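Open the model in your viewer and keep the selection tool at hand. The stops below say what to select and what is there.

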Amino acid sequence: MPKQAVVPDDFTKPYYDACNQGKLVIQNCKSCNILQHPPAPACRECNASDMEWKEVSGRGTIYEYGVIHDCPVASLQADQPFNVAVIMLDEDQGIQMYSHLPGVPADEVPVGSKVEVIFEETPNGQKVPEWKVVN
Amino acid sequence: MVTQNAPDSMFRTQEGLGLWEHRGKVAAVGVGHSLTSRRWDGKAETSVGANSITALRQAIADAGISPDEVDGIVLDPGTTTGAHWQEGDPIPMDVVNAFNPSSDPLDGIAKLSAEWILKNMPELTNVKFTMNGTGCMSKAIVVAAQAVGDGLTNNCLVLKGWHNLEGRYYQGGANAQQGRPGLAAISSLWGTPASYGTALQFAAYCRKYGKTHDMMAPFIINSRRNGLLFPEGFWAQNRPEGLTEEDYLAARWIAKPANLYDNDIPIMASAAYLFTTAERAKDMKQKPVYILNHVSSRTRARSLTPTLEEVEADTARTGRMLYEGAGITADDLSFENMYDGFTLFHQFHMEGLRYRGVQNGEALDFYQTDISIEGPNPVSPSGGNCGSGRTRFWMHTDSIQQIQQRAGARQITGVKAEIGVSGGPMPLGGDFTIWSSTPG
Ligand SMILES: [Zn+2]
């Protein structure tokens with residue numbers, strides 16, 4: 001599906017640079033040693049700003065999904081209806097990522113299945129994480 | 001004068017605080033509403049500013065006090081339903097100049113400050129306290145309740161106004177741009193409409209408890225029915241059409257399992273209340289509705305969107321906080337008017353309250369029983385956003401009117417309206433109030 005282009009800023013550049021190198025990194029608080037996503041300038045637990053980017057395995061589980069029939073993004077409307085699933089990372093089941101689950105027909109999402117990260121290119125060449133079901 | 005946002009210290013966000021220190025000492029008395037409309041027609045007399053003046057004047061008259069007795073205003077300065085004034089769009093100077101403008105020409109058109117209100121309601125000669133309760137009438141209410149209790153104001157107007165402009169809901173702003181900034185893209189790149197998060201929680205709920213979306217139908221039908229009995233409401237005023245189970249089940253999906261009727265229709269409307277001290281309320285024109293407690297949830301999801309587990313934990317906590325500070329139990333509630341925009345989270349609020357003993361996973365079965373205004377277990381007697389359009393304030397107006405025994409055709413009859421609860425918006429992140437016919 002043709003996602004919109006993504007323009008990283010200084011703050012999110014490490015995350016998106018990693019995507020371009022085929023790696024998934026998640027923000028980690030050095031004091032709490034707890035992952036945080038979406039990233040923020042400070043840890044939401046302890047408010048410390050001593051944050052690092054930590055590479056994760058890129059494996060996860062489908063927690064739940066919805067099927068989008070009325071999308072507010074014009075460039076995605078041609079593909080309606082489409083899935084948006086929530087993936088929970090293996091490293092920390094509290095950390096979520098969204099996915100269109102490329103290749104999975106609308107409303108046929110195998111909730112609870114294992115998934116693996118892939119990287120999808122957006123129109124300006126910036127890659128973003130996507131997920132595929134592991135059989 | 002620049003109005004400040006309410007400080008965090010005004011909100012009750014923790015368990016273990018005991019009874020609210022002003023329990024039963026603050027009362028809602030007057031109610032005022034503007035007419036509703038689907039979108040702004042560009043005229044001065046239908047602007048959010050004009051609508052809000054109408055609502056405020058009605059609330060003052062309804063309470064039966066003189067405008068010069070009003071000494072406080074709490075409002076939400078944001079008025080958008082999701083429609084934004086596009087940068088570069090010409091400002092309608094005929095509308096700006098029809099009023100006494102503030103320094104911001106969009107004030108009264110696409111936003112609303114207390115300063116604008118004071119410039120355009122010259123009869124309010126004694127207002128010494130103004131404060132913003134941002135986001136929602138639910139928040140403005142708890143700020144005003146705390147402010148009156150704290151003695152910052154004695155006769156306080158509480159206001160929420162909404163504007164809605166031409167164009168599709170949420171289609172302006174960031175969604176219309178071509179590229180996405182990096183941080184926003186992490187959550188917005190997948191093209192989810194506003195109801196997606198709730199749809200997801202509802203899907204998880206149905207999966208966990210073995211329930212189905214069609215079990216929502218009695219709630220939707222009940223809500224529209226109650227809404228049509230709300231003369232101040234959008235559907236009652238503009239499209240007095242009932243909803244059948246067939247209508248609901250045939251409705252198109254927005255973010256399945258959320259369909260068209262699970263989403264609320266954005267409209268324009270303003271509502272205002274007059275809050276006062278319990279002492280002063282005694283000789284006002286309407287029966288006082290005492291506030292027994294207010295609480296707020298400021299819980300944030302761990303990651304992108306709240307999970308079912310996070311929602312259930314937080315709504316239960318909100319219920320416990322409400323009862324603790326009010327000194328009541330779930331058994332004391334005559335009715336519940338928790339928020340419903342989106343309809344698919346109403347059951348989370350209701351289960352969190354343990355209303356009529358309903359536990360997690362039981363609300364949809366409860367919807368199959370008598371939840372009408374005539375029955376012993378009224379659910380959302382206001383009809384909420386589902387019944388009257390997107391304002392997030394019907395539940396508060398209804399709670400006040402029910403307890404004043406002047407909800408008209410909507411008056412609950414299966415149980416006497418003595419104590420009610422209303423609030424929202426979201427299960428995670430909202431402001432909630434317990435209303436009572438007696439001070440405790
Ligand atoms: Zn930390």
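**A tour of the zinc site and some salt bridges**

Select A:Cys29 first: with a relative accessibility of 0%, this residue counts as buried (buried is under 20% relative accessible area, exposed over 50%, partly exposed in between, with a 1.4 Å probe and protein chains only). This is a predicted model, in which local features need pLDDT of at least 70, side-chain atom pairs count only at pLDDT 80 or more, and totals for chains, interfaces and linings use all residues. Residues are numbered from 1 along each chain as its sequence is written, chains are lettered from A and ligands numbered from 1 in the order in which they are written, and side-chain values use heavy atoms, without hydrogens and water.

Now add the zinc ion. Its donors (N, O and S atoms within 2.8 Å of the metal, or 3.2 Å for Na, K and Ca; water is not among the atoms, so sites may look incomplete) are the SG atoms of A:Cys29, A:Cys32, A:Cys43 and A:Cys46, at 2.2 to 2.3 Å. Along the chain they follow the spacing C-x2-C-x10-C-x2-C.

Select A:Cys46 next. A:Cys46 counts as partly exposed, at 34% relative accessibility.

Move on to A:Glu130 and A:Lys3. They form a salt bridge (a side-chain nitrogen of Lys or Arg within 4 Å of a carboxyl oxygen of Asp or Glu), with the closest N and O atoms 2.8 Å apart. A:Glu130 is buried at 0% relative accessible area, and A:Lys3 is buried at 4%.

Finish in chain B, with B:Arg12 and B:Glu21. Their salt bridge has its closest N and O atoms 3.7 Å apart. B:Arg12 is buried at 9%, whereas B:Glu21 is partly exposed at 44%.
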